[in-house]
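I opened this one with a short list of things to look up, and my notes follow in the order I went through them.

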Amino acid sequence: MITPRRQLGDKGEQIAAEFLYQQGYTILARNYATRFGELDIIAKKDGRLVVVEVKTRTSARFGTPEDALTYRKLQHLVRMTKWYMMKEQRKEQAVQIDCIAVDVSVHPPALRHIENIVQE
């Protein structure tokens with residue numbers, strides 16, 4: 001059984017993937033499972049590998065979607081990205097980690113694409 005939380009996440013990821021595609025990104029993978037967790041979207045644009053964390057909210061009651069990106073979550077994303085790079089043998093490629101915040105409380109949903117959320 002799919003939980004309402006998972007349905008919301010899936011909806012946000014679909015909206016984000018469509019947005020990225022329209023912006024000229026090539027989607028390489030969605031919901032890529034690593035030994036540490038799941039990467040929402042892995043895409044490519046201009047020779048750069050882009051790992052995208054999607055945060056979806058139905059209201060601002062608990063803050064904005066990007067408020068959920070804690071230091072710990074960002075470190076977790078870095079660990080998963082490094083694992084993906086090793087597993088898929090993508091050592092030579094430049095990589096960045098982005099966030100797409102999706103607010104589905106408005107129609108059409110509002111998106112904020114925040115690039116390079118992790119600086120290493």
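A word on terms before I start: helices are DSSP runs of H or I with at least four residues, and they are numbered from the N terminus. With that in hand, I place Arg-72 in helix H2. I also note that this is a predicted model.

**Entry 1: Arg-72.** Is Arg-72 buried or exposed? I looked up its relative accessible area and got 73%, and exposed means over 50%, so Arg-72 counts as exposed. I then checked its separation from Pro-109: the two are 37 residues apart in sequence, and their C-alpha atoms are 27 Å apart in space.

**Entry 2: helix H1.** Does the length of H1 add up, or what span should I expect? H1 covers residues 4-22, and at 1.5 Å a residue its 19 residues should span 27 Å; I find the end C-alpha atoms 27 Å apart, which agrees. Next I listed the buried residues of H1, which are Gly-12, Glu-13, Ile-15, Ala-16, Ala-17 and Leu-20. They pack against S1, S2, S3, S4 and S5. Just after H1 I came to Gly-24, with a positive phi of about 95°.

**Entry 3: strand S4 and its partners.** I count seven of the 10 residues of S4 as buried, so this strand is largely enclosed by the rest of the structure. Which way does S4 run beside S3? The two pair in the parallel sense, over 10 bridges. I picked out one bridge here: Arg-57 has Asp-103 in S4 as its partner. With S5, S4 runs antiparallel, and five bridges join them. Across that pairing I see Ile-100 opposite His-113 in S5. S4 and S5 form a hairpin, with six residues between them.

**Entry 4: a cis bond.** In the loop between S4 (94-103) and S5 (110-114) I find Pro-108. The peptide bond from His-107 to Pro-108 is cis, with omega near -5°. I flagged it because most peptide bonds are trans.

**Entry 5: positive phi outside glycine.** Most residues other than glycine have a negative phi, so I searched for exceptions. Asn-31 has phi near 55°, and its place is in strand S1, residues 26-34. At 26% relative accessibility, I log Asn-31 as partly exposed. Asp-46 also has a positive phi, of about 55°. This residue lies in the loop between S2 (37-45) and S3 (48-57). Asp-46 is exposed, and its relative accessible area is 73%.

**Entry 6: the nonpolar cores.** In soluble globular proteins, nonpolar side chains tend to be buried together, so I went looking for such groups. How many residues does the largest nonpolar core have? I get 18, and those with the most contacts inside this core are Tyr-32, Leu-39, Ile-42, Leu-77, Tyr-84, Ile-97 and Ile-117. S1, S2, S3, H2 (71-87) and S4 each supply at least two of its residues. H2 gives the largest share, seven residues. Apart from this core lies another, of 13 residues, and its members include Ala-16, Ala-17, Tyr-25 and Val-52.

**Entry 7: around Ile-97.** I finished by listing the contacts of Ile-97, leaving aside neighbours within four places in sequence. Ile-97 touches Val-51, Leu-77, Val-78, Thr-81, Glu-115, Asn-116, Ile-117 and Val-118. Leu-77 and Ile-117 already stood in my note on the largest core, among the residues with the most contacts inside it.

Terms used. Residues numbered from 1 in each chain as written. Predicted model: local features only at pLDDT ≥ 70, side-chain atom pairs only at ≥ 80, totals over all residues. Heavy atoms only, no water. Buried < 20%, exposed > 50% of the residue type's maximum accessible area, 1.4 Å probe, protein only. Core = buried A, V, L, I, M, F, W, Y, C linked by side-chain atoms within 4.5 Å. Contact = heavy atoms within 4.5 Å. Expected span 1.5 Å × (residues − 1). Pairing = 2+ DSSP bridges.
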